Amino acid sequence: MQQLSGLDATFLYLETAEMPMHVGALHLFELPAGSKGKFVTALRKHIESRLPITPVLRRRLWWMPLNLANPAWVDAVPDLKQHIVEVKLPKVNGQAPGLPELEAAVSALHPVLLDRSKPLWKFHVFEGLAPGPSGARRVALYTQLHHAAVDGQAAVALANAILDVTPTPRAIEVKPSRRTRTFKLEMTEMLRGVIGGQAQKVAEIVRNLPATVGTLKNAATSVVSASSLLTGKAGPSNLTLAPRTPLNVSVSSGRAFATVTLPLGEIKAIGRAFEATINDMVLMLCSTALRRHYAKQRVLPRKSLVAAVPISLREKGNTDADNQASMSFISLGTNIADTKKRLAHVKAATASMKSTMGQLKSILPTDFPSLGVPWLIEAATALYGKAKVADRIPQVANVVISNVPGPPVPLYMAGARMVTNYPASIVVHGMALNITVQSYDQSLDFGLMADAAAMPDVREFAEALRIAFDDLRALPRPGEDDPDAPPPLGLVRQTTERLGSSLGKAARGVVGGMVGSVVSGVTRGVTRGVMGGVVDAAVSQVTRRPRASDKPAEVAPPKKKRRAG
């Protein structure tokens, strides 16, 4: 038996019908040529073979007496026929369903809560889909895993356990269990264990208090010393309340889901050109899409939107199946019209967040005393939702944006090749849109989960992300001339003066000193007046990058001459 940490258990206490606390993903798979039978049958057999190395799939909750403290995980044997189910999608105008129908199915399934009396996961298999571009048979898989069991990095570790790097599944070495008997704890033993555990956590907090206070002091000093109030320099501020938007409302029980895939290699290349990280580029894409989406609806705030960005507290190499993450806040610069300046804003805001959180990561807690906490959090969550508090008070962020690094190579499950990996995450009161991004193979897959009432047009927002990517493509690289910038006036003036000076020197050599001076003055005047427009146009053509939309001017056909009568 393993008691849940304070952070893990919080996801259980926050869960309501309006706020399901499970995460997952929508995967498309291509089956190998000649495959027969149902994929759901093959998947059950495959998962059964991987259960020994996936403890997160074979444990359930064990609640403490009177719900006084955090529950614990205990071993359980999952019924794979109940945890891996087949979902049939109807045909659309006689055609096999495709990605739009899958997105609609995820929108309907995501609000359904997981059964807490069983292991907290469920897989939904969709068969009979339209074939892929190569004609290969396709299936889809929508997964649900409770956030109390995994965070983003732990979900990636789980995927590594059940997926393979080749179509042929690898052999798993199963070690026999050393357990000889099972224990059933009585109420007295459980209460004694809970109280002892709480005392130990309190003692640990007290022991670490001096170091915690010192770290907080240093972090606060660096934040204040870098603020515009002391330095007098204007810059991005992450410590601010978010402006009111249609996303900052109490969420309903409905969901709207959409997906986007963008080329990872090209995004990396653009990022290298501007000395930006992949995370910077993801935030920039989201910022540009949010600005376009809400400007089109005429509800874009004058103040910048703020993103809540999860950060991992997991040490390198740690694959524990629990939550080791915290939340940071980053200004998105949606109030900046110029694309290049907005990118600079996002980079500066991200750097500011990293410098602050880098000092705090070592003291941010993932576990804390929980005696009485279940009652308190559950009551506060119910009151917060029913009273629609999120509709009335200012929010610290508008949207959740999470970027999780994924596998850089193609993966397989039960012999089928995974084509896409669209995350499906959580929306909460006050932040009705969650944008989770995961890299896979050569792609960057976006999963957009929104409250159906706050953003029913999430598919339009997905298209705004594609346009945002085109905006980044068109952005002039450092050292490259901007095609939309006016020609530099200094270059026109220098060309004019040099041309006039050369003609004047030639005139002085032929006619003589006095005549040459006169000709030089006249030439400068003529050059400025007559040739200025020609030089201006020529320089404009040289400095302007050609566009695909530019077309040669049409030449009118010559007029026919009339014959003399």
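Visitor: What makes β14 and strand β15 count as a pair, and in which sense do they pair?

Guide: In this predicted model, β14 and strand β15 (residues 443–451) are joined over 8 bridges in the antiparallel sense. Two strands pair if at least two bridges are found between them, so the 8 bridges of β14 and β15 satisfy that condition. One of these links can be named, since the bridge partner of Asn434 in β15 is Met449. The hairpin of the two strands has 2 residues between them, and in it Asp441 takes a positive phi near 55°.

Visitor: Which strand runs parallel to β14, and how many bridges join the two?

Guide: That is strand β11 (residues 399–404), which is joined to β14 by 5 bridges and runs parallel to it. Here Ile401 stands opposite Ile435 in β14. Since pairing asks for at least two bridges, the 5 found here are enough for β11 and β14 to be called paired.

Visitor: What makes strand β14 "mostly covered"?

Guide: Strand β14 (residues 433–440) has 8 of its 8 residues buried, where buried means under 20% relative accessible area. Both faces are covered, with Leu433, Ile435, Val437 and Ser439 buried on one side, and Asn434, Thr436, Gln438 and Tyr440 buried on the other.

Visitor: How do you know that Met284 is buried?

Guide: Met284 has a relative accessible area of 0%, and because the cut-off for buried is under 20%, Met284 falls within that class. Met284 lies in helix α9 (residues 278–296). Leaving aside its neighbours within four places in sequence, Met284 is in contact with Thr339, Arg342, Leu343, Val346 and Leu472, which means that heavy atoms come within 4.5 Å in each case. The C-alpha atoms of Met284 and His345 are separated by 9.3 Å, although these residues are 61 residues apart along the chain.

Visitor: Why is helix α1 said to be largely enclosed by the rest of the structure?

Guide: Helix α1 (residues 6–13) is described in this way because 8 of its 8 residues are buried. Those buried residues are Gly6, Leu7, Asp8, Ala9, Thr10, Phe11, Leu12 and Tyr13.

Visitor: What makes Ser5 a cap of α1, and at which end?

Guide: Ser5 caps the N-terminal end of α1, where a side-chain oxygen lies 3.2 Å from the backbone nitrogen of Asp8. A polar contact requires N or O atoms within 3.5 Å, so the 3.2 Å between these two atoms meets that distance limit.

Visitor: Which residues have the most contacts inside the largest nonpolar core?

Guide: The largest nonpolar core has 94 residues, and those with the most contacts inside it are Ile47, Ile435, Phe446 and Leu448. The largest share of this core, 9 residues, comes from α9. A second, separate core of 16 residues includes Leu102, Phe126, Phe257 and Ala424. Ile435 also has contacts beyond its neighbours within four places in sequence, among them Cys286, Val399, Phe446, Leu448 and Phe461.

Visitor: What makes β1 and β3 edge strands?

Guide: They belong to an open sheet of 3 strands in the order β1-β4-β3, with antiparallel pairing. Strands β1 (2–3) and β3 (59–62) are its edges, as each pairs on one side only. Between β3 and strand β4 (residues 72–75) there are 4 bridges in the antiparallel sense, and the bridge partner of Leu61 in β4 is Trp73.

Key
Residues numbered from 1 in each chain as written. Predicted model: local features only at pLDDT ≥ 70, side-chain atom pairs only at ≥ 80, totals over all residues. Heavy atoms only, no water. Buried < 20%, exposed > 50% of the residue type's maximum accessible area, 1.4 Å probe, protein only. Polar contact = N/O pair within 3.5 Å; in protein donor to acceptor, adjacent residues only side chain to side chain. Core = buried A, V, L, I, M, F, W, Y, C linked by side-chain atoms within 4.5 Å.
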